[in-house]
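The following exercises concern a single protein chain. Work through each task with the structure in view before reading its solution.

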Amino acid sequence: SSPFIPEPIKMDPMVVNPPQTAVPQRNLSIVEQVDVILQEMLEENPVGDQKIRLTENATHGVMVWVGQNYYEGIDEVPDEEVKAIIRKAVQRWEKNR
């Protein structure tokens, strides 16, 4: 005997996503907002093949991640090109506030 094959489920093509309960979105911190801008800038102009991220530490300071290394604050980053693009991201954030 042939295997059982269920009938396809018919769905309304106009309903792509069923309504879901809204999940409250938390506001991004300033560091997270600057990181979003930084990631956009890095897509346009990568700094070598380095991954650069900004995160906030427990005392609300900035942690700069360059690859697997992290630095406490922008001034601690040894690479001048990395520091420059982070500062440009900060300036762009200040302009867009």
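A residue is called buried under 20% relative accessible area, exposed over 50%, and partly exposed in between (1.4 Å probe, protein chains only). The model is a predicted one, in which local features need pLDDT of at least 70 and side-chain atom pairs count only at pLDDT 80 or more, while totals for chains, interfaces and linings use all residues. Residues are numbered from 1 along each chain as its sequence is written, and side-chain values use heavy atoms, with hydrogens and water left out.

**Exercise 1.** Determine which pattern of helices and strands the protein chain follows.

Solution. Begin with the assignment: helices (H or I, at least four residues) and strands (E, at least two) are DSSP runs, numbered from the N terminus. The chain holds 2 helices and 3 strands. Reading along the sequence then gives α-β-β-β-α. Of the 97 residues, 24% are buried.

**Exercise 2.** Describe how α1 and α2 pack, and classify the residues of their contact.

Solution. Step one is the geometry, with axes fitted to C-alpha atoms over the stretch in contact and angles running from 0 to 180 degrees between N-to-C directions. Helix α1 (residues 30-44) meets helix α2 (residues 80-96) at about 115°, the axes being 9 Å apart. Step two lists the residues in contact (heavy atoms within 4.5 Å). Helix α1 contributes Ile-30, Gln-33, Val-34, Ile-37, Leu-38, Met-41 and Leu-42, and α2 contributes Ile-85, Ile-86, Lys-88, Ala-89, Val-90, Arg-92 and Trp-93. Step three sorts them: Ala, Val, Leu, Ile, Met, Phe, Trp, Tyr, Cys and Pro count as nonpolar, Asp, Glu, Lys and Arg as charged, and the others, Gly among them, as polar. The result is 11 nonpolar, 1 polar and 2 charged residues.

**Exercise 3.** Find the aromatic pair in the structure and characterise the surroundings of Tyr-70.

Solution. Rings of Phe, Tyr and Trp (its six-membered ring) pair if their centres lie within 6.5 Å; planes under 30 degrees apart are stacked, over 60 edge-to-face, and the rest tilted. A search of the whole structure yields 1 such pair. Trp-65 and Tyr-70 form it, with 4.9 Å centre to centre and 40° between the planes, hence a tilted arrangement. Next, consider accessibility: Trp-65 is partly exposed at 32% relative accessible area, and Tyr-70 is partly exposed at 47%. Finally, place Tyr-70 in strand β3 (residues 69-72). Leaving aside neighbours within four places in sequence, Tyr-70 contacts Met-63, Val-64 and Trp-65.
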